[in-house]
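Work through the exercises below with the model open. Each task comes with a stepwise solution.

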Amino acid sequence: MSKTVPVLIASIVGCIMIVANFSPFLLPARQIAEDWFTIVATIAMMLGGANLCVHHLKNISDREAGWGFSAVTLISFFITIAVGLLKIGVVPESEQQVKFAWSGPFQQEGSGFWWIYQYLFSPIVSTMFALLAFYVASAAFRAFRAKNLEAILLLITALIVLVGQTRDREITSLFLPPPAEGMPQHVPIADLTEFIRKTFVTAGQRAIMIGIALGVVATSLRILLGLDRSYLGGDE
Amino acid sequence: MTSPLLNKLNALDRRWIFLAMALAVLSPILLQIGSDETPSPPTIKLFDEIERLPEGSRILMAMDFDPTSAAELYPMALSFTRHCCLRHHKLYFVTIWPTGKPMIESTIKAVIGADFGSGDRAYQYGVDYVNLGYLAGDAVAISQISSDIRKARPQDARGTSLDELPMMSGVISVKEMDLIVNASAGFPGGKEWVQYAATPKKIPIAVGCTGVQSTQLFPYYPDQLLGLVTGIRGAIEYETMLAAKYPDPYANRSKRPAFLRGGAQRWAHRLMIGLIVLGNGIHLANRYRRTPHP
Amino acid sequence: MNRETRFWTVMFLGGCLFLAFQSLGTARGVGQQFVVRVDATTGKIIPPATGASDASSAVKTVIYEPASKDDPEAIWSFSRTAGIWIAALLTLCIFSYLYRDNVCYKLAESIIVGVSAGYWIVTNFWEVLVAKVLVKLAPNVARYSFLPDTPVDVKADYLYIVPVVLGCMVFCRLIPKIAWMGRWPLAFVVGTTAGLKLTSFLDADFVRQVRSTILPLVVFSANASDVSTLDWKQSIQNIVIVISVLSCVTYFYFSVEHKGLVGRISRVGIWVLMISFGASFALTVMGRITLLTMRLQFLFDDWLGLVRI
Amino acid sequence: MDFHSRSPGDKNPGAYAARLASAVFSHVFRGSDSSPDWIAGKARPRRAMMKTLTVLFFLLAIPTLSFAEEIPGATKQIAWFDTGKTSFALLTIAICATVIICTELARRGKPFYVRPIAGLLAMEEAVGRATEMGKPILFVPGIEDIREIDTVAGLMVLSSVAKMAAEYDTPLEVPTSRALVMTAAREAVQAAALAAGRPDYYNEDRIHYITDEQFGYVASVCGWMYREKPAACFFLGKFFAESLFLAEAGNAVGAIQIAGTAETTQLPFFVAACDYTLLGEELFAASAYLSGEPAQLGMLKGQDFGKLAAIVLVILGCLLATWDSISPRGKSDDGQNLPRRSQWITDTVLKGG
């Protein structure tokens, strides 16, 4: 029982979604389901928040290594929530809104929540992202070595495209005769890059996409037919 | 038989690579070295389309990026908006990224506020441009506004009812748009706009995307995508075209944020090529000497 | 004190000295931010002298907008200046991970985990729970509390109770007796996902991709005098695309042993995939460098003021 | 020969949707009798399933009937089948039916060959190595919510990995970026621990939510990797820019890394930095493969028929397109250009939804 009902729920809503794709009559069901998902996920997020608190409180109470950092996490978590939910520093923006103290947009520039986003959230997140520039270099240095034919292809295309990406590509046209009056200079490596992009990259992506589509069909059917229910757990 | 240099290179700490990369990017910034670009066809296509559309055409500007990807997409968003304003199109700003709201605001401030906010044909809020703000629900939001904008978002970002805005009269859904211009940093983004709005409703769409996304979007060009502006290179290309067509004031360095990032690109790419060559040099030397790889 | 510690101590002290010199000795200072006061309802700038005394209407609706130092109405902003300093120091903390895991990185890591979890909860609270659920279930409450612009004629839509109940069922897991009910929302979400994705992937990723691979292997193009000639470039391009797609699809075959002809074709498929990966990797480099450029521009322009961009 | 006659299905469009539904539902009620108990649950009475089938039938029938009542004198008519999508509906049914038939054949004992997939064979080895070294295993089910099918596929693999880890009693850390994924991951690991006969293995604290924010999550996971030095890392699900970050962090601590994603943009990074990578479709095949159930393996065969269809359509279409290119069809009697021959495939068979 504990698993039959969920599997049935999954099958029914899944089939309705499929049929709705072909039926203008049921089409709203698709939109409603999508809308509902957002709400369910948002409420579930509260569970995530609770889990985060429990996890870190446990670290603190057990005095585990680095419990101080858990305290920092909890403090920043609660400050962010308090500032955001209480709309600290938010002012109403229009004449009509002035009568309602809580009516300003929560992300208003100059508010507490905006400050947290602008000066704590955004710099850390974008710096994390920027670290990828370093990792791209170290991964290329390590992985692009001519060990076998596949690796050679990988590395040669990477080299060609790297040269073709910036204006340094024009170096390859130095050995060509100058172009006719008014015509743009022919840049072989730019053409080669473009050719690789248009043919191999497109083709590789396409083949993977075709495969993925079939994989998704099979995975969806596994769920709809109740063949795989690992996500629903075991029977207690 | 081993050589001390090869041993050292074999055991090269990756932190040296990090240092080299930092220097390659930092030096052009400190020395203010920029780089121009020759426009490519997918970029030219978008530029020509915005030129071709009659004045006052409705353009949906979907700004789906966040501060982390603003490096590539913000200069693009600026150029697109500037170009549309120069052609005096009607702009409908929207985002399906919650973090995209401040991006729309700063784009409006930097372009309309600075260059088009005054004069005899000044851009007016609600008449020439509107900020529809953030639509929650990822791809769902796209399919919602492509069937009914008011259902997805009854008010604009300032909380004004859409019916009170003159430029929203006659606009029911995305169908009424003449062009969708999307600055997309990932999911949800360009792919979803193509799948859920542009292709089913048959509206031309052009996407400005990050370099990473370009390979994913390339299969859609030119059938489902009108134009594709990729990464910082696309932004530099667009700036170059804008500067060529409207040299005053867009040939000015201060109006060309992407141009200044081009120099760092060149040097970093040179470093990457050097590293790959060095890596293979080490590999071949190892094989030649038949020493085991550490 | 070992060599490493000594090196970093010297670096740290040098950095501090430089910051002190830069903030005291230069006109621009380090990370100094200025704002103007703006009346939110009218959008007009309030001059700093009258702003404080004009308490009648402006107090509630003053917002601040960034301004340059030279602006006559500009006032120095403590919160934004402090913000720039904190942002810059956190940026350096994250960069320190490249050297190795350390206290600074751990501090930044703990801050970002707490702040971002809180950020998304708050965002979803306002954007989904208030803007969607509350407006749908109790439009009047929404109008009188947070969203005064909610139209008066909106009727409550009680269908939205279902997702709220489903969402709350997630919490059932915490109570062992009814833990099984916690699976219902999962089943709902997974079921809808399966149904929605089945058709959308078949359409966008299967049908459309197969369709765009259908290309003429020989292309003729009409030239100026309307005589059609063979377009070599386009023909080769099409042939390469078609062969590549077919061989890659063959590579993904699960139920045929990759031997003989199939083996050879799928080998070509791997080559095509490798070429496409190499190209995709290199195409990405540009984006990553840009991000780094922007961070460094932040440090050296917005914070230290060493370059003008 | 006229390639452009409308397909006969147009006359009775509703039948397709109904046929699809009945095919799917008849399968549901038959259930997966051959699957082991830990997946299928204890023996499920068929009568109960018959009842649910009836319920299902009515659920589908009600909208149809209510529509039928509306027809007399109705002012607005909402068609309940979009005839423009007929060919796509047929295609969907054909593909689904092939997959289902292959499943059914496999269940009845028809043996299917499945080629080895290196990344999947290495999973057991990776878990074994972690056990030998006495270090934990990291499993990242992507950073997207469970509404992405990639995440669901990742979770399905998680249950297999968790079963192996439970058998070896090696700690398995599953940090998640979404609360719903955490809930599902807990269910999966708990079930796997039960199936491995070690219910005590399941430790809720190891499967925890970090934050929804992509890089906040990555900062935390990478910090954890640096400190705990896992011996095996699994990255299976939907990944974006953080793919390289995770893979490089894993590489720096010397872990065996097995990655898989259907996000084509991230595959190059995984290929460059991980030991084994499941490319696109292989991720979806992984759970079927690892489960070892004949019914699920049969599905892989069904997928292959889909690929075969794609190959045949491409070859046929290209030949027709080439024919068009070499000798165009010219004009019809009323001076209109005749449609290209390949249009039959591109616009009729592959019309799309």
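Two exercises follow, one on chain A and one on the contact between two chains.

This is a predicted model, in which local features need pLDDT of at least 70, side-chain atom pairs count only at pLDDT 80 or more, and totals for chains, interfaces and linings use all residues. Residues are numbered from 1 along each chain as its sequence is written, and chains are lettered from A and ligands numbered from 1 in the order in which they are written.

**Exercise 1.** Describe the fold and dimensions of chain A.

Step 1. List the elements. Chain A has 7 helices and 0 strands (DSSP runs: helices are H or I, at least four residues; strands are E, at least two; numbering starts at the N terminus).

Step 2. Check the dimensions. The C-alpha trace of chain A spans about 75 × 50 × 50 Å along its principal axes. Its radius of gyration, taken over C-alpha atoms, is 28 Å, whereas a compact globule of 236 residues would have one near 18 Å. That globule rule is 2.2 Å times the number of residues to the power 0.38.

**Exercise 2.** Characterise the side of chain D that touches chain C.

Step 1. Count the residues. Chain D puts 56 residues in contact with 48 of chain C (C-beta atoms, placed from the backbone, within 7 Å).

Step 2. Find the main contributor. H12(D) gives the most, with 16 residues. Helix H12 covers 294–326 of chain D.

Step 3. Sort by character. The residues on this side of chain D are 30 nonpolar, 15 polar and 11 charged. Here Ala, Val, Leu, Ile, Met, Phe, Trp, Tyr, Cys and Pro count as nonpolar, Asp, Glu, Lys and Arg as charged, and the others, Gly among them, as polar.

Definitions and conventions: Two residues are in contact if their C-beta atoms, placed from the backbone, lie within 7 Å.
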